[in-house]
Amino acid sequence: MSDGDRGPAMTTTAVGLCLLPAELLQEIFFRLALPDLFRLRSVSRDLGSLVSGCDFRRLYNLRSGRGGGWLFVYKKRPPRDSVLRGFNDRSGRWFHIPVAGILAPAVPPGEDLYFLAASGGLFLFASNGRRELLAVNLATRAVRRIPPSPLGPRGTSSWRRAGLKLVADPHGADRFRFLFAEMVGNRPVLFEYSSDVDAWRAIQASEGATGGGSVGGRDVCLNLVHIGVESVLLSCAGKGGGRDEQPAPVAHRPRFPEGFQGGPPVGMTTSDRFHVYGDGNVAVVRSAAADVAGGGGGSATTRARVVTSVQLLGLSEIGSEWELTSTAPAAVVEEALRRRPYGVMMGCVVEREGVVGIVLMSNCRGSWGLAWLSYHRAQRKWACVPVPDCGTKGLNMAGIALSSTFSRSLWPSLCSSSSSPSEQAD
């Protein structure tokens, strides 16, 4: 779109902004989400040059704060239409993530996809019919089919969110690793796919006499199984070094503190708690029974539950214990969940740079709700990220993920003439 096509109002606004001091402009632009900066670039060449500069990029990343990021939700609309939306905590808005057009040539009509993970500009999907993995790259607008793992083809129900990790290489647009852990013959095994060699390798985790072992140098924790008060986790290296230079994976069998009961499977509405695992943490969500009035003016009620508290536990330094990190203040829980009743709930827990993100997705009689809480370790502070509705009622939700690296993957596009992958806001 040329300057003449933008209209007098938009041009006048751009000229007015350009008259402001550069320091004031930067302070204004630091508060914008990266997709908004794409729009800014299209308004004025001078403003676009300012936000595309290396100094602005460096300061923007510093001002973004630790743990800031995106929440992605994959929604299915019958019979075949699906959409991936991304919510940015900085802008407080949902954005359309254009993966459907990239996936279309690679996915036959009627195929059922499930969204597994996101990292950088990469999005990982599992197909139920063909039982294969598909990695979508927004930067190259390409789809990579990942060959079957040593365990063979797997359907969507075989993947456990807390037991897998997608790791994009920040120095290569199309380089990544995909890790997942499974118990094979009662032994914890790490399966690693590398895009560099387009191949898998399986590594049996070492295990000490007490199931411990240092977590240091291993920045990825994958969850395998949880029985009663004991869990089985696997820690491994997620970044840095070549495949043969990374430390071997280590198995851990942490136990909950004395008197702390292990939670039942996610989604059991008859229990007063369930656990959500991820990145060496566990969020313990406690709830109480509640009656929900029937719709349509009827007097019938539906039995549901209401969240009453959220506790965060972390893996001890040697990996042998779950240690209570903090309990979310009642006011934060109230703000995030608003005593919204639910029949089924699922979630994910992600930690990056000392900030733990907890997302809970609940459903009550076809109506979906999203809650996003965060805990900052250094500040010992809980916060709620308000998440507006994105039109989820009656839809089939097919996967959620948290990512703090998506915005940084967009910088190369911002500094070039290509269009933004997230310019269209809901």
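This predicted model holds one cavity of 30 Å³ or more. The largest cavity has a volume of about 100 Å³. Its lining is made of 13 residues. Arg131, Glu132, Leu133, Pro148 and Arg154 lie nearest the centre. By class, eight lining residues are nonpolar, two are polar and three are charged.

Next come the nonpolar cores. The largest has 23 residues. Within this core, Val307, Val310, Leu337, Met345, Ile358, Leu360 and Trp382 touch the most other members. Several elements each supply at least two of the core residues, including those in this table.

| Element | Residues |
|---|---|
| Strand 15 | 273-278 |
| Strand 16 | 281-293 |
| Strand 17 | 301-315 |
| Helix 7 | 330-337 |
| Strand 19 | 344-352 |
| Strand 20 | 355-364 |

Strand 21 (367-376) and strand 22 (381-385) also supply at least two residues each. Helix 7 gives the largest share, four residues. Another core lies apart from this one. That core has 21 residues, among them Leu84, Phe95, Phe115 and Leu138.

Now for a sheet. Four strands form an open sheet in the order 8-9-10-11, and their pairing is antiparallel. Strand 8 (164-168) and strand 11 (199-204) stand at the edges. Each has a single partner strand, so one side of each is left without a neighbour in the sheet. On average, neighbouring strands of this sheet are turned by 20 degrees against each other, direction ignored.

Strand 10 covers residues 187-194 and runs antiparallel to strand 11. Six bridges join the two. Leu190 has Ile203 of strand 11 as its bridge partner.

Definitions and conventions: Residues numbered from 1 in each chain as written. Predicted model: local features only at pLDDT ≥ 70, side-chain atom pairs only at ≥ 80, totals over all residues. Heavy atoms only, no water. Pairing = 2+ DSSP bridges. Axes fitted to C-alpha atoms, helices over the stretch in contact; angles between N-to-C directions. Core = buried A, V, L, I, M, F, W, Y, C linked by side-chain atoms within 4.5 Å. Buried < 20%, exposed > 50% of the residue type's maximum accessible area, 1.4 Å probe, protein only. 1 Å grid on protein atoms, 1.4 Å probe; cavity = no way out; pocket = protein on both sides within 12 Å on 5 of 7 lines; lining within 4 Å. Points joined across faces, edges and corners; volume = space filled by probe spheres on them. Nonpolar A, V, L, I, M, F, W, Y, C, P; charged D, E, K, R; others polar.
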